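Student: Please take me through this model one question at a time. I would like to see how each answer is reached.

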Amino acid sequence: MSDKIRLGILGGGGDSLIGIVHRIAANMFDRYELVGGCFNPKPEENTAFAQHLGLAANRVYPSIEALVAGELALPEEERMEVVSVLTPNFLHFPMAKKLLENGFHVICEKPLTTTYAEAQELAALQKQQQKVFAVTYTYTGYPMVRQMKHMIAQGEIGAIQRVDLQYYQGWINPIIHDAAQRAATWRLQPDKSGISCCVGDIGTHAFDMLEYVTGQQVDQLLADLNFLYPDNPMDIDATILVRMQNKAKGVIRVSQIATGEENNFSVAIYGRKGALKWEQENPNYLHHLTEDQPFQTLKRGNAYIAAVAQDGVKIPSGHPEGIFDAMGNIYKGVAKAIRNEKAFDGEYPSLEDGVRGMQFIEQVVASHKAGNQWITMGTNT
Ligand SMILES: NC(=O)c1ccc[n+]([C@@H]2O[C@H](COP(=O)([O-])OP(=O)(O)OC[C@H]3O[C@@H](n4cnc5c(N)ncnc54)[C@H](O)[C@@H]3O)[C@@H](O)[C@H]2O)c1
């Protein structure tokens, strides 16, 4: 009998951005079998998409309520073990809560919820239920990001002095200048997205990346947000100063109105002895800077790369891997956790990382509203 993990999906239909990334990621290491889900709230589109995927009709559900009831009625050895929540943000909390309450492992898209309080509620529930819960901060799955974390932990750049993260996109630029379009985009609607657009959508990626690669938490922050139109309550651009727990200082700059930019996410960490720089649009390379040696570029898949970064490599260096592979590595980490296998630290972003992301969003908005005041986040969730 197959030992594949039985996977269900909520959201991520044929009309979605992120659905295909999760489906391919789940297949990447042959650890999962997609057995069913609810991919779209419109019944006809839901059924048509599930048929296109070749799923059995009795495992295609019109809602999460029907999915949970239908799966619980099946024998345990057939039932979904883990469910991925890939819907717009406001559905993450009710869906993840219902899944945890009914004994499923959960993989949930970021931002984890729409409020910090909801995120804390999920964390308390997970403690009771003892289920695996991942929050897909996809970029931590890139091998060269894992290499960066490893080298910083090994002291290769010395004590961190300066951090600089940028995530620039331009896709909201045409939308924000058109009143009808800005009213119709779910990421710009507080009831669908939460209290923030840009910081919730991509600022949380940068924040998670900062704490992931440095192993340090952000202690204090000061934020300045941009909105452009009085009828738009959601930030579309932000500059956030940060002070880390080791007193290093730096900045997170994020924008969705950086005209012409695509997914220009870059991370630079400067230490006493050197620096490491990584860019999402060229993810197979990690740049190592020092004072007394020429600039070095480390490449994924070579023997000099640490085991934690090699673990996710499937094809020799020189054949580029990308975002599907990064998500695949996160799914692999989750599979190891579900099957109680030996794993590296931080192989998938945890529920605690998701909770911290929600705390970050709320503190950024609070700092801006308070007239750009410094706010202490604290270093414990
Ligand atoms: N990790 C990443 O890098 C990354 C990238 C993009 C999006 N995301 C996150 O993924 C989530 C979805 O984003 P997207 O861009 O794919 O959104 P989208 O609007 O493109 O797709 C949302 C999908 O959810 C489905 N849906 C909506 N309501 C539903 C319901 N009640 N039941 C079942 N399905 C429902 C829609 O039909 C659609 O298929 C968001 O939370 C977003 O922040 C993460």
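Tutor: Before we start, one cut-off: two residues are in contact if their C-beta atoms, placed from the backbone, lie within 7 Å. A residue is buried if 20 or more other C-beta atoms lie within 10 Å of its own. Note also that this is a predicted model.

Student: Which elements are included in what covers the buried residues of α6?

Tutor: Helix α6 spans residues 143–153, and eight of its eleven residues are buried, so the helix is largely enclosed by the rest of the structure. The buried ones are Pro143, Met144, Val145, Arg146, Gln147, Met148, Lys149 and Met151. The cover over these residues includes α10 (198–214), β11 (274–279), β12 (285–290), β13 (296–299) and α11 (307–310).

Student: What phi does Gly155 take, just after α6?

Tutor: Gly155 follows just after the end of α6. Its phi is positive, at about 80°.

Student: Which strands are the edge strands of the sheet of nine?

Tutor: This sheet is open, with mixed pairing, and its order is β13-β12-β11-β10-β6-β9-β8-β7-β14. An edge strand pairs on one side only. That leaves β13 and β14 (375–376).

Student: What angle does the direction of α6 make with that of β11?

Tutor: α6 packs on this sheet and touches β10, β11, β12 and β13. Taken against β11, the direction of α6 makes an angle of about 165°.

Student: And which strands does α10 touch where it packs on the sheet?

Tutor: The direction of α10 makes about 150° with that of β9. The strands touched by α10 are β6, β7 (218–226), β8 (237–244), β9 and β10.

Student: Which residue in β10 does Tyr168 stand opposite?

Tutor: Strands β6 (residues 160–168) and β10 (residues 264–271) are joined by eight bridges and run antiparallel. Across from Tyr168, in β10, is Asn264.

Student: Which residue in β14 is the bridge partner of Leu221?

Tutor: β7 pairs with β8 in the antiparallel sense over eight bridges, and Gln220 stands opposite Arg243 in β8. β7 is also joined to β14 by two bridges, again antiparallel. In β14, Leu221 has as its partner Ile375.

Student: By how much are neighbouring strands turned against each other in the sheet of five strands?

Tutor: This open sheet has parallel pairing and the order β2-β1-β3-β4-β5. Its edge strands are β2 (32–38) and β5 (133–135). With direction ignored, the average turn between neighbouring strands is 20°.

Student: Which residue in β4 is the bridge partner of Ser84?

Tutor: Four bridges join β3 (residues 82–86) to β4 (residues 105–108), and the two strands run parallel. The partner of Ser84 in β4 is Ile107.

Student: How many residues surround the ligand?

Tutor: The closest are Gly11, Gly13, Ser16, Leu17 and Glu109. By class, the shell holds nine nonpolar, ten polar and four charged residues. The number around the ligand is 23.

Student: What is the radius of gyration of the protein chain?

Tutor: The chain has 13 helices and 14 strands. For 381 residues the globule rule gives 21 Å, and the chain comes close to that, so it is as compact as a globular protein of that length. Its radius of gyration is 21 Å.

Student: What share of the residues count as buried?

Tutor: The C-alpha atoms fill a box of roughly 65 × 55 × 40 Å along the principal axes. Of the 381 residues in the chain, the buried share is 47%.

Key: Residues are numbered from 1 along each chain as its sequence is written. This is a predicted model: local features need pLDDT of at least 70, side-chain atom pairs count only at pLDDT 80 or more; totals for chains, interfaces and linings use all residues. A residue is near a molecule or strand if its C-beta atom, placed from the backbone, lies within 6 Å of it. Ala, Val, Leu, Ile, Met, Phe, Trp, Tyr, Cys and Pro count as nonpolar, Asp, Glu, Lys and Arg as charged, and the others, Gly among them, as polar. Two strands pair if DSSP finds at least two bridges between them. Axes are lines fitted to C-alpha atoms, for helices over the stretch in contact, and angles run from 0 to 180 degrees between N-to-C directions. The radius of gyration is taken over C-alpha atoms; the globule rule is 2.2 Å times the number of residues to the power 0.38. A residue is buried if 20 or more other C-beta atoms lie within 10 Å of its own, exposed if 12 or fewer, and partly exposed in between; C-beta atoms are placed from the backbone.
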